[in-house]
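Here is a short set of exercises for you to try with the viewer open. Have a go at each task before reading the solution below it.

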Amino acid sequence: MASAFEYAPAPESRAVVDIAPSYGLFIDGEFAEAADGKVFKTVSPSTEEVLSEVAQAGAADVDRAVKAARRAFEKWSALPGSERAKYLFRIARIIQERSRELAVLETLDNGKPIRETRDADLPLVAAHFFYYAGWADKLDHAGYGPNPAPLGVAGQVIPWNFPLLMLAWKIAPALATGNTVVLKPAETTPLSALFFADICRQAGLPKGVVNILPGYGDAGAALVEHEDVNKVAFTGSTAVGKAIARQVAGTDKKVTLELGGKGANIVFDDAPIDQAVEGIVTGIFFNQGQVCCAGSRLLVQESVQDELLDALKRRLTTLRLGDPLDKNTDIGAINSAEQLARITALTETGEAEGAERWSAPCELPSAGYWFAPTLFTNVTQAHTIARDEIFGPVLSVLSFRTPDEAVAKANNSQYGLSAGIWTEKGSRILAVANKLRAGVVWANTFNKFDPTSPFGGYKESGFGREGGRHGLEAYLDVR
Amino acid sequence: MSDNRLSVFKTYKLYVGGKFPRSESGRVYEVTDSKGKWLANAPQSSRKDARDAVVAARKAFGGWSGATAYNRGQVLYRVAEMLEGRKDQFVREVADAEGLSKSKAAAVVDAAIDRWVWYAGWTDKIGQVVGGANPVAGPFFNLSTPEPTGVVAVLAPQESSFLGLVSVIAPVIATGNTAVVIASADSPLPALSLGEVLATSDLPGGVVNVLSGRTAEIATPLASHQDVNAIDLTGADTGLAKELEIAAADNLKRVLRPQPVDGAADWTADPGTHRLTAFLETKTVWHPTGALGVSGSSY
Amino acid sequence: MPTTAPAFSDATASDSALRRFLHGLPGVDAVGLEARAASLGTRSIKTTAKAYAIDLAISMIDLTTLEGADTPGKVRALAAKAVNPDPTDRTTPRTAAVCVYPDMAATAVAALAGSGVKVASVATAFPAGRAALDVKLADVRDAVAAGSDEIDMVIDRGAFLSGRYLKVYEEILAVKAECARADGPDARLKVIFETGELSTYDNIRRASWLGMLAGADFIKTSTGKVGTNATPANTLLMLEAVRDFRAQTGVQIGVKPAGGIRTSKDAIKFLVLVNETAGEDWLDNHWFRFGASSLLNDLLMQRQKLSTGRYSGPDYVTVD
């Protein structure tokens with residue numbers, strides 16, 4: 001070999017996970033076929049290999065699951081909090097024990113790199129259950145009055161970008177507060193939720209407390225609409241979020257929505273440049289940019305723009321795109337053909353509207369859904385790619401001259417989920433953070449998550465918060 | 001196993017700095033069950049053992065208080081897991097110590113295990129419950145957060161040798177303090193056995209140090225010790241509590257007084273948060289958010 | 001006489017100019033820096049890549065003995081080891097250099113003659129550096145006169161921490177001047193910052209630029225004699241510095257982490273840092289070194305494992 005340090009393939013073993021050829025719906029503690037017998041295939045986005053065939057829930061299944069959850073609610077909500085806590089601690093521990101298996105599974109079904117599922121998704125999933133386990137017997141101390149009551153049956157619909165983590169964000173607080181759950185995972189990533197069903201059984205969780213219904217949008221809509229659902233929690237697109245908001249109008253259903261974003265990552269001229277570069281990379285290329293809080297708009301102060309972009313491009317050439325199961329892969333596959341088409345279309349719009357495209361030089365595998373890390377310069381507020389959520393590894397670079405201008409541009413969006421601020425000056429961080437209309441503001445870091453920290457958006461990024469003490473409110477009757 | 005097999009007795013030892021020393025004094029005292037039958041000899045700690053325990057607790061403080069709250073929660077939960085596996089031993093020791101039936105002792109041990117779980121959940125929540133941002137009238141970010149006070153001397157309750165013991169240790173260490181614990185004088189065996197559980201629960205050595213012996217003899221040097229930050233007087237009688245509180249005033253230790261005699265401690269009751277907050281300091285940080293300039297810009 | 005890279009000649013014009021320059025460097029966010037270093041530490045280097053990395057690491061070692069108890073016998077033994085690290089496998093690369101105190105340099109030079117293994121000599125009142133300038137310069141002169149190929153000097157941390165940057169700069173210049181040879185190649189100068197004493201990452205970045213401006217051929221983390229020596233984070237930071245310096249001046253400068261790197265796993269993590277920060281131009285023992293001693297045997301055991309498939313043990317490598 002020549003002087004170059006070529007990393008040999010370092011694939012994580014697939015043998016740690018045993019995927020069955022087919023899976024049922026998980027209702028009332030049992031796996032069952034769909035009432036109408038429908039199934040769908042889930043594929044590995046990095047190879048297009050069919051991983052398994054999964055029962056597809058319809059309205060009748062939704063009804064059955066909601067009824068099971070309703071039956072389970074009475075006993076579950078009447079359990080002492082300390083007992084509910086112990087179930088959740090058990091779940092947290094089993095997730096920790098099975099985390100490598102689940103990480104490999106998630107990587108196969110979602111396409112994201114094993115480095116992320118192993119080092120980010122799974123530790124956060126376990127921590128989330130661990131955190132909310134501790135709340136179950138402490139609700140009196142949470143600031144929602146004495147003996148706060150659960151809502152009842154929670155209908156939860158989650159996306160494909162962090163399948164198990166979004167499940168944890170939904171289920172852990174719901175159970176801790178005494179609700180029961182019917183959860184619909186996304187149609188492209190149903191497997192980890194079904195493995196979670198098995199974990200519920202291992203933990204001895206009473207039947208019906210957690211029900212998992214793989215399916216498509218129609219099942220999600222049926223769940224949201226079901227008259228015996230007391231709480232709707234949705235993470236996904238703003239368009240669907242608006243549809244849900246219309247659906248629940250006039251009902252007593254409590255709703256929380258975590259929707260899209262177009263996060264501004266603002267780099268001032270006194271930023272710690274090397275760390276800012278890392279933060280920009282994390283902000284937009286973590287999980288192939290398929291992150292609602294991605295820092296998809298880079299706002300850079302003009303005086304450091306050239307220096308920063310040079311450093312950023314140099315850094316992007318070191319990103320390793322390929323087999324998501326390889327431990328050295330930084331950029332995995334796009335989750336689906338549909339999502340790839342959307343990213344492709346939006347980047348074409350970007351070029352058509354006159355923005356300058358630069359993509360990291362990397363070879364894309366022939367099978368599967370792939371998109372090279374890409375950035376656009378010469379982008380203005382008027383460009384589509386500065387306004388619409390791309391949900392892919394595509395960064396739009398805009399510049400600013402003064403802090404006021406940075407704030408004005410950052411806030412000039414229908415969304416308001418996340419933002420980043422890079423400067424070594426503390427008072428600037430706090431002043432800018434004050435002015436930003438965004439639910440999460442990261443300073444000198446990006447895409448950090450913790451179960452103790454509330455997460456959620458302003459404006460069309462949704463409402464309600466998940467995580468932390470604040471996340472309890474979404475599942476408690478505090479009217 | 002045959003009935004006439006001669007059993008192996010256990011030598012009970014102190015738990016200091018993650019190790020199991022005998023008392024430096026070489027003394028032991030007889031521990032009996034509630035009916036006066038000899039159970040074992042326990043180390044009778046001296047003031048030098050107390051001194052060594054404070055050194056160990058201080059050494060452990062940086063790492064333990066600096067660990068993430070999540071990590072401390074995991075460790076406390078691990079204690080519960082390990083206790084669950086050694087339940088039989090503790091049921092026997094508690095039954096002997098407190099004169100309880102097996103089933104009553106089992107209920108006590110169950111409650112003690114659940115108490116670890118309760119406090120495991122508090123490690124990463126107490127900050128959100130007692131801390132927070134303060135809306136000061138000015139261009140400042142202002143945040144109050146609780147921090148552990150340091151090394152806490154804990155006089156464990158004399159009667160409740162295990163549930164009471166756990167109920168005073170767990171809240172002290174949950175928030176990041178380290179502890180020097182004086183076990184119940186007459187019933188120290190569950191406490192000394194707890195040391196063995198703590199040693200195998202990922203709890204760093206020195207975070208909890210367990211001493212057995214005459215309460216006043218050990219507590220007196222701890223109460224006046226200049227490197228002890230707080231003292232929990234639960235296990236002191238009225239006279240001793242007053243003496244110790246006076247001694248503690250020398251370096252203004254935080255003092256948690258024993259509960260009033262007439263309100264006999266019910267260790268099964270909901271513990272609330274007062275044992276957590278008793279050993280917390282509140283730190284408030286001010287930071288400008290950018291002065292308002294002549295143009296009205298706040299950057 | 002060495003001169004400052006022209007691009008920055010203004011920066012060293014006066015004490016205040018130098019201070020302004022060094023304090024104008026971008027800040028370092030410690031959490032972000034350490035997270036990046038840790039993240040690169042998760043790279044999984046297997047099979048062919050591992051074999052390449054192990055041989056590269058062996059070839060980059062400055063095999064070091066810096067003890068009060070050093071003797072010519074000890075130095076000769078170390079030299080023999082450097083030339084022939086694994087007597088059972090002659091394909092094993094030689095180390096880059098042997099690193100000794102100045103009074104042992106002549107012994108090392110004699111022992112290594114014709115081997116291609118360099119002799120590095122610590123100087124300037126190593127490790128504390130607390131001596132008068134003329135004493136330090138005499139120390140360097142001795143080492144150079146004894147035939148040292150490389151000089152590892154320590155900066156005056158006291159002067160640096162009290163803000164007397166120009167004093168540090170001028171001292172490096174003076175040492176660099178002593179490294180010159182009329183009758184042969186100049187000794188290459190490695191400038192040791194003792195990063196553990198500089199304490200902050202901002203200081204390490206400033207020291208890196210100060211050293212590079214003063215003509216260091218290598219910047220080196222530490223002496224190995226204090227509590228905190230080379231770490232992935234401080235080495236990453238120094239690699240960023242040499243990368244940026246070359247981008248701005250065209251001058252390439254080497255990096256040497258020293259102290260505390262004991263296992264192959266550690267060494268490979270450092271090579272990943274080099275590969276993904278400064279780039280492959282630095283993957284050569286002319287530009288990157290490990291200051292280490294026990295590391296070599298661990299690399300040799302790993303090398304044996306790769307060639308035989310069995311785990312090796314300390315009885316199968318030589319004690320030096």
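The exercises below concern a predicted model, and each task is followed by its solution.

**Exercise 1. The build of chain A**

Task: Find how many helices and strands chain A has, and judge its radius of gyration against the globule rule.

Solution. Begin with the secondary structure: chain A holds 15 helices and 22 strands. Next, take the radius of gyration, which is 22 Å, close to the 23 Å that the globule rule gives for 479 residues, so chain A is as compact as a globular protein of that length. The C-alpha trace spans about 65 × 55 × 35 Å along the principal axes of chain A. Then look at burial, where 61% of the 479 residues of chain A count as buried. Finish with the contacts in chain A between residues at least 6 apart in sequence: 72% of them join residues at least 24 apart.

**Exercise 2. Two domains and their contact**

Task: Locate the domains of chain A, then work out which elements of domain 1 give two or more residues to the side that touches domain 2.

Solution. Start from the bounds. Domain 1 of chain A covers 14-259 + 461-477, and domain 2 covers 264-450. The centres of the two domains of chain A, taken over C-alpha atoms, are 29 Å apart. In the contact itself, 21 residues of domain 1 of chain A meet 25 residues of domain 2 of chain A. On the domain 1 side, the elements giving two or more residues are α3 (99-110) and α4 (114-135) of chain A. Of these, α4(A) has the largest share, four residues. By type, that side of domain 1 of chain A splits into seven nonpolar, eight polar and six charged residues.

**Exercise 3. The partners of chain A**

Task: Describe what chain B and chain C each bring to their contact with chain A.

Solution. Take chain B to begin with. Its contact joins 22 residues of chain B to 24 residues of chain A. The elements of chain B that give two or more residues are α2 (69-85), α4 (102-122), α5 (126-130) and β10. Among them, α4(B) gives the most, with six residues. The chain B side consists of ten nonpolar, nine polar and three charged residues.

Now turn to chain C. Here 25 residues from chain C and 22 residues from chain A make the contact. At least two residues each come from α2 (30-40), α3 (47-59) and α12 (264-278) of chain C. The largest share, five residues, belongs to α3(C). The chain C side has ten nonpolar, seven polar and eight charged residues.

**Exercise 4. A sheet in chain B**

Task: Give the strand order of the three-stranded open sheet in chain B and name its edge strands.

Solution. The order is β3-β4-β10 (chain B), with antiparallel pairing. The edge strands are β3 (132-133) and β10 (280-288) of chain B, each pairing on one side only. Strand β4 (residues 140-148) of chain B is joined to β10(B) by nine bridges. To find the register, place S144(B) opposite T284(B) in β10(B).

**Exercise 5. The nonpolar cores**

Task: Find which members of the largest nonpolar core touch the most other members.

Solution. A useful background point is that nonpolar side chains tend to be buried together in soluble globular proteins. The largest core has 246 residues, and L88(A), F129(A), V154(B), V180(B) and V181(B) touch the most other members. At least three residues of this core come from each of domain 1 and domain 2 of chain A. Zoom in on F129(A): leaving out residues up to four places away in sequence, F129(A) touches L88(A), I91(A), A92(A), I95(A), A168(A) and A172(A). A second, separate core of 102 residues includes M60(C), V168(C), M212(C) and L273(C).

**Exercise 6. Backbone geometry**

Task: Decide whether Q288(A) and S199(C) are buried, exposed or partly exposed, and locate the cis peptide bond in chain C.

Solution. For context, most residues other than glycine have a negative phi, and most peptide bonds are trans. Q288(A) has a positive phi near 55 degrees and lies in the loop between α9 (273-285) and β13 (297-301) of chain A. Burial needs 20 or more other C-beta atoms within 10 Å; Q288(A) has 34, so Q288(A) is buried.

S199(C) also has a positive phi, about 75 degrees, and sits in the loop between α9 (195-198) and α10 (201-213) of chain C. With 13 other C-beta atoms within 10 Å, S199(C) is partly exposed.

Lastly, the cis peptide bond joins F126(C) and P127(C), with omega about 0 degrees. P127(C) lies in the loop between β3 (118-123) and α6 (133-145) of chain C.

Conventions: Residues numbered from 1 in each chain as written. Chains lettered and ligands numbered in written order. Predicted model: local features only at pLDDT ≥ 70, side-chain atom pairs only at ≥ 80, totals over all residues. Rg over C-alpha atoms; globule rule 2.2 N^0.38 Å. Buried ≥ 20, exposed ≤ 12 C-beta atoms within 10 Å, placed from the backbone. Contact = placed C-beta atoms within 7 Å. Domains from an automatic or database assignment. Nonpolar A, V, L, I, M, F, W, Y, C, P; charged D, E, K, R; others polar. Pairing = 2+ DSSP bridges. Core = buried A, V, L, I, M, F, W, Y, C linked by C-beta atoms within 7 Å.
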